Number of protein chains: 2
Amino acid sequence: MALRNAVMAALLEGEASGYDLAKGFEASVANFWMATPQQLYRELERMEGEGLVSARVVQQERRPNKRLFSLTEAGRRVLRAYVAGGPAKPLAIRDELMVKVQCVDIGGAEDVAAVLAAVAERVERSTAKLARYRRMQERMLAGRTEDEYLATAERVGPYLTLQGGIALEKGNIQWGETVLERLAQRAAALGGGPAATLSG
Amino acid sequence: MALRNAVMAALLEGEASGYDLAKGFEASVANFWMATPQQLYRELERMEGEGLVSARVVQQERRPNKRLFSLTEAGRRVLRAYVAGGPAKPLAIRDELMVKVQCVDIGGAEDVAAVLAAVAERVERSTAKLARYRRMQERMLAGRTEDEYLATAERVGPYLTLQGGIALEKGNIQWGETVLERLAQRAAALGGGPAATLSG
DNA sequence: TTAGCTTATTCATATAGTTGACTATGGCAA
DNA sequence: TTGCCATAGTCAACTATATGAATAAGCTAA
């Protein structure tokens, strides 16, 4: 029952189809609340049943028809109550990469190399994501300075969460690069010696 | 089937009871893989059935007996295969606070105030967590410099993931403080004028 | 012209995660 | 001396999430 809040938050930007939400979750909410397409379609249906969103079918000529959902007044009220109400649940993270890093000492050089590769991949992904975020930021600012934007824009929520995403990815990249360095240094220091004997 | 990897990673530090794992997940793995006690007890039982962990009952005098689990050789092999194998799933985040921030423009000053309070709470929690991480770091280093530690310690995984936790919480704090500032500025700029009229 | 991609959605099944209550024991403080 | 907190765990029921496949249309490049 928390996904629906994220969905409603996304629908604040305007109407969207299940498919729209599924790919990128309107490219902003997805960064802090992931969901699979099936999850979204089902939740949207339920929400429609409860009157939180309303759907209208858009006939399309060269593609399948789609149902565009928008937030109803009732949905808006529920969302407002949620925002104003109780404390937010603490941030929940699930990160396989960290589990692997935690285990980096388990075997020999090959295992370290595998972890290294995984960290490098994360750094690449984060770099790409950061670049995308930066472009989104520029589009939002549209020439204005941050101060101007924050003082005059109608909505600042999406900008602030985007800042959150940027901070997260920056942190990821910095951490990852440090780890790569440190592990390379260590591998060099151990020089195939003790590490190799541990690899059995 | 991913929780078990986190559990095995935690058991690399040595044997632990379900209860030990539940409160703090050996105080390190929990930072990137949360699980409720029930989840852990159930998973440990299953893993025992599959021979990944073994349990021994420790009779206690002034407390209930406990079952201490440790990683078996089979478990170790499975964990190694996991670490070396396929790419890690991308980081999954669920953050209610971000959903609320995304919605900060939904109503009037009261709603903004609620979001502000939620962000402030997050900053406090993150500050406390960061302090705890710093203490853990000092304990790990035990007087050595980071370079010395990374070159000589038997295991560096837990240190590197701790660094990840530190980076994350630092990012959280910085972001949160920026948001608090920005929203306060904006509230002042709007000065109870337009914001109040939107509150209906 | 056929294989694969994108749009757009639905169905069924499997796995994972949450919630609340319940059993025990002992320590500590009001 | 009652009540709450910490240790240590179990059970049942529920909700949420993920996986895989199916359908159906048109577009594009080999």
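A salt bridge is counted here when a side-chain nitrogen of Lys or Arg lies within 4 Å of a carboxyl oxygen of Asp or Glu. By this rule, 30 salt bridges are found over all chains. The model is a predicted one, in which local features need pLDDT of at least 70, side-chain atom pairs count only at pLDDT 80 or more, and totals for chains, interfaces and linings use all residues. Residues are numbered from 1 along each chain as its sequence is written, chains are lettered from A and ligands numbered from 1 in the order in which they are written, and side-chain values use heavy atoms, with hydrogens and water left out.

Within chain A, Arg4(A) and Glu50(A) form a salt bridge with an N to O distance of 3.0 Å. The partners are 46 residues apart: Arg4(A) belongs to helix 1 (residues 3–11), and Glu50(A) to the loop between helix 3 and strand 2 (53–58). Helices (H or I, at least four residues) and strands (E, at least two) are DSSP runs, numbered from the N terminus. Arg4(A) is buried at 8% relative accessibility, while Glu50(A) is partly exposed at 47%; buried means under 20% relative accessible area, exposed over 50%, and partly exposed in between (1.4 Å probe, protein chains only). Through shared partners, salt bridges join Arg4(A), Glu43(A), Arg46(A) and Glu50(A) into one network.

A salt bridge between chains pairs Glu146(B) with Arg182(A), their closest N and O atoms being 2.2 Å apart. Glu146(B) lies in helix 7 (residues 146–152) of chain B and Arg182(A) in helix 8 (residues 157–190) of chain A, so this pair joins two chains. Arg182(A) is buried, at 17%, and Glu146(B) is partly exposed, at 23%.

Turning to the nucleic acid, 22 residues surround DNA strand C, and Tyr19(A), Gln60(A), Arg67(A), Arg94(A) and Met1(B) come nearest; a residue is near the strand if one of its heavy atoms lies within 4 Å of it. Arg67(A) also forms a salt bridge with Glu48(A), at 2.8 Å between the closest N and O atoms. Of the strand C atoms within 4 Å of the protein, 64% belong to sugar or phosphate and the rest to bases. A polar side-chain atom of Gln38(A) lies 2.9 Å from a base oxygen of the strand, and one of Gln38(B) lies 3.3 Å from a base oxygen. Helix 3 of chain B gives the largest share of the nearby surface, 4 residues.

Definitions and conventions:
A polar contact is a pair of N or O atoms within 3.5 Å; within protein, one must be able to donate a hydrogen and the other to accept it, and residues adjacent in sequence count only if both atoms are side-chain atoms.
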